[in-house]
Amino acid sequence: KASVMDGVNFEDEVPSESLDKSMEKSAFEKLQEDRKTLPIYAYRDELLQAVDNHQVLVIVGETGSGKTTQIPQYLHEAGYTKRGKIGCTQPRRVAAMSVAARVSQEMGVKLGHEVGYSIRFEDCTSEKTLLKYMTDGMLLREFLGEPDLAGYSVVMVDEAHERTLSTDILFGLVKASASFAMEMGRTTIWAREGQIRGGKLDIARFRPDLKLLISSATLDAEKFSDYFDSAPIFKIPGRRFPVEVHYTKAPEADYLDAAIVTALQIHVTQQPGDGDILIFFTGQEEIETAEEILKHRTRGLGTKIPELIICPIYANLPTELQAKIFEPTPEGARKVVLATNIAETSLTIDGIKYVIDPGFCKMKSYNPRTGMESLLVTPISKASANQRAGRSGRTGPGKCFRLYTAYNYYSDLDDNTVPEIQRTNLANVVLTLKSLGIHDLLNFDFMDPPPAEALLKALELLFALGALNKLGELTKVGRRMAEFPLDPMLSKMIVASEKYECSDEIISIAAMLSVGSSIFYRPKDKQVHADTARMNFHTGNVGDHIALLKIYSSWKETNYSTQWCYENYIQVRSMKRSRDIRDQLEGLLERVEIELMSNSNDLEPIKKAITAGFFPHSARMQKNGSYRTVKHPQTVYIHPTSGLAQVLPRWVIYHELVLTTKEYMRQVTELKPEWLVEIAPHYYQMKDVEDPGSKKMPRGAGRASQD
Ligand code: ADP
Ligand code: MG
């Protein structure tokens, strides 16, 4: 099913189509020549032969050798698409979009037609689509609707070394079906008879014709091969030039500044034509800061130095700017790419000669005891550091400047990054597996099993939300929740909106929450105006969730006006995205047969629906203005951007915690404590919400009975 987002961003923004025909043709020919220079090209036939001979194949090749862009095309050229689509998964949204755009150019077709991509809330594919690039999370969702992946002839799980949660779960699921198919292959006659006689065999999972490719940039291929019953490994020999690695003499106190200074030093002392610079940062904010400082400092140097073209790349970068990093550097200038981890292996930018590696990335961490998840800036692993360094030696000898000491590298960095499955909240995954009919999670064949504690915590939460019954079976609520591509608490909030007759408002809130923290902007010279505009939506201290709803409704009333967004310092792009998300949520409501009902005159039912999803996230104010979470007590604060930051209600419910200088609650709404007992009586008892002063109880009394 095509979505509202079909091709929206790319059609107007990739101009190649509108170019003069003859020029287009020669550019097309040039692209074909480029394809033949990639390391993988020499192994094309051998690779196709191997795919033909084996059902499961592990493919290893240096980043940039052509795995992602070429293999699906080779398979298409060899006729695999006659039997079904070729799906190629990527851990990152930007990679899926960017690679699909590239491959559509190489094939000379319009993005979204023969070549498309699918990421959460954005489906740029059509009936014609043969090569489909997608996030691993999207393929996992497709599994829910089509557990035999009937529409596919080949599934390529790319960037497997990243070991994202979705990739690991896909592995488990695909392995279950693949080994089943292999076993059945040996007893085909029996299988056919069985099928004819009793119809008992689950023929849906019987797909010996489905090819599974697992591709990766690292050499840890044996582990993948072992997991898939000794699947053969196909190695693409890479070309890699020597890379000179430099360490700092002492640890750097401010790596952002050190990175900028290093980049400018390279730029000023080296010939511009000799290569571009790539710097790894941890996220968008850091990249934006670095961009500003770089602009400021190069402006200070005036015309004395060659032009420095600054190219940021991170997940939320607008699509039309994403293409900029791939544009060839003009003569006499130098490019400096400011990237997140995305440039480590997912995207290859040609022409990089210098890599600057501060040694950090943002990583999710999860505490299964408290159930708290946070995104932390963490030192990278040795494997990551080596991948990063390798980016500089692709087209010639390179240099990598590590902004940490050699001692740090050898003694402080872990060898490999811990797979996401071992450091994340598993509620979503458990709900997905349960709805696929996989009940025995402790014995599910994970490549690296998650901590049992985290699994239990997930089961506990799903039980509290009413998605599972006491036996751990999926309930009707749980089945409905699983239809939404959202975290279980958000899905529960939506499902609960039926009872409170406010589904219309709740999906707007859910859509706005899903867009994240990038709704407002705050220009340096107009901060006061921007803050005033923002606070307008908080009149009456309605709380952040209702403020988000007001923003959405006001925008809708202006008929989605761009001007209105400018006037209110709101990002048009975020609003458009939330409208798209909302449209899709509306479609999903229909699918789970929840009527669209509006109740905007009364805020209480809306707040109760929010509470029905987020009751585990309640907190009570302390005397000093900090808050204490009710379950698993922890000290937290209201985020300064919240409309309630100055109000400090006694009881609040929050959307998420973010750890910066302190542990902050982001998106906060006031709560009446009795709602907790009313809405989640299995989770809260009166003693949890009573004033500690009103009834003196010895500390710890009653605690034991509660767990
Ligand atoms: P691998 O998957 O083995 O790392 P890729 O197939 O991603 O390799 O890359 C092959 C080549 O395609 C590289 O030279 C890379 O620069 C180029 N390429 C990939 N994506 C794009 C893009 N969006 N725009 C321009 N070139 C690209
Ligand atoms: Mg790749």
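# Close-up views of the predicted model

**View 1. A loop serine with an unusual backbone angle.** Ser230 sits in the loop between helix H9 (221-227) and S8. For the labels here, helices are DSSP runs of H or I with at least four residues, strands are runs of E with at least two, and both are numbered from the N terminus. Most residues other than glycine have a negative phi. Ser230 goes the other way, with a positive phi near 55°. Is Ser230 buried or exposed? Ser230 counts as exposed because it has 11 other C-beta atoms within 10 Å. The cut-offs: 20 or more other C-beta atoms within 10 Å make a residue buried, 12 or fewer make it exposed, and anything in between is partly exposed, with C-beta atoms placed from the backbone.

**View 2. How far to trust what you see.** This is a predicted model, where local features need pLDDT of at least 70 and side-chain atom pairs count only at pLDDT 80 or more, while totals for chains, interfaces and linings use all residues. Residues are numbered from 1 along each chain as its sequence is written, and chains are lettered from A and ligands numbered from 1 in the order in which they are written. The mean pLDDT (the predictor's confidence in each residue, from 0 to 100) is 87 for the protein, and 90% of its residues reach 70 or more. Residues 1-22 fall below 50, with 31 contacts in the model beyond near neighbours in sequence. Residues 180-205 are also below 50, and this stretch has 19 such contacts. A contact here is a pair of residues whose C-beta atoms, placed from the backbone, lie within 7 Å. Where pLDDT is low, don't read the predicted coordinates in detail. For the complex, the predictor gives an ipTM of 0.98 and a pTM of 0.86.

**View 3. The surroundings of ligand 1.** Which residues are closest to ligand 1? They are Lys67, Thr68, Thr69, Arg102 and Phe326, out of 17 that surround the ligand. A residue gets into this shell if its C-beta atom, placed from the backbone, lies within 6 Å of the ligand. Helix H4 (67-77) and helix H5 (93-107) each chip in at least two shell residues. The shell breaks down into 4 nonpolar, 10 polar and 3 charged residues. For that tally, Ala, Val, Leu, Ile, Met, Phe, Trp, Tyr, Cys and Pro are nonpolar, Asp, Glu, Lys and Arg are charged, and the others, Gly among them, are polar.

**View 4. An open sheet of 8 strands.** The strand order is S4-S3-S5-S2-S6-S7-S1-S8, with mixed pairing; strands pair if DSSP finds at least two bridges between them. S4 (122-124) and S8 (233-236) are the edge strands, each with a single partner, so one side of each has no neighbour in the sheet. From one strand to the next, the twist averages 20°. S1 (residues 56-61) and S8 run parallel, joined by 4 bridges, and Ile59 stands opposite Phe234 in S8. Along S8, Phe234 and Ile236 point to one face and are buried, while Ile233 and Lys235 point to the other and are not. Helix H6 (residues 136-145) lies across S2 (85-90), S3 (115-119), S5 (131-135) and S6 (152-157), at about 105° to S5. Axes are lines fitted to C-alpha atoms, for helices over the stretch in contact, and angles run from 0 to 180 degrees between N-to-C directions.

**View 5. A covered helix, H18.** How many residues of H18 (residues 488-496) are buried? The count is 9 of its 9 residues, including Met489, Leu490 and Lys492. Its buried residues pack against H15 (427-435), H16 (452-464), H17 (476-482), H19 (503-515), H23 and H24 (603-614).

**View 6. A closed barrel of 5 strands.** The barrel runs S17-S18-S19-S21-S20, with mixed pairing. Direction ignored, its neighbouring strands are turned by 50° against each other on average. S18 (residues 627-629) and S19 (residues 635-638) pair antiparallel over 2 bridges, and Tyr627 has Val636 in S19 as its bridge partner. H24 packs on this sheet, touching S20 (651-659) and S21 (663-670), at about 50° to S20.

Notes. Two residues are in contact if their C-beta atoms, placed from the backbone, lie within 7 Å.
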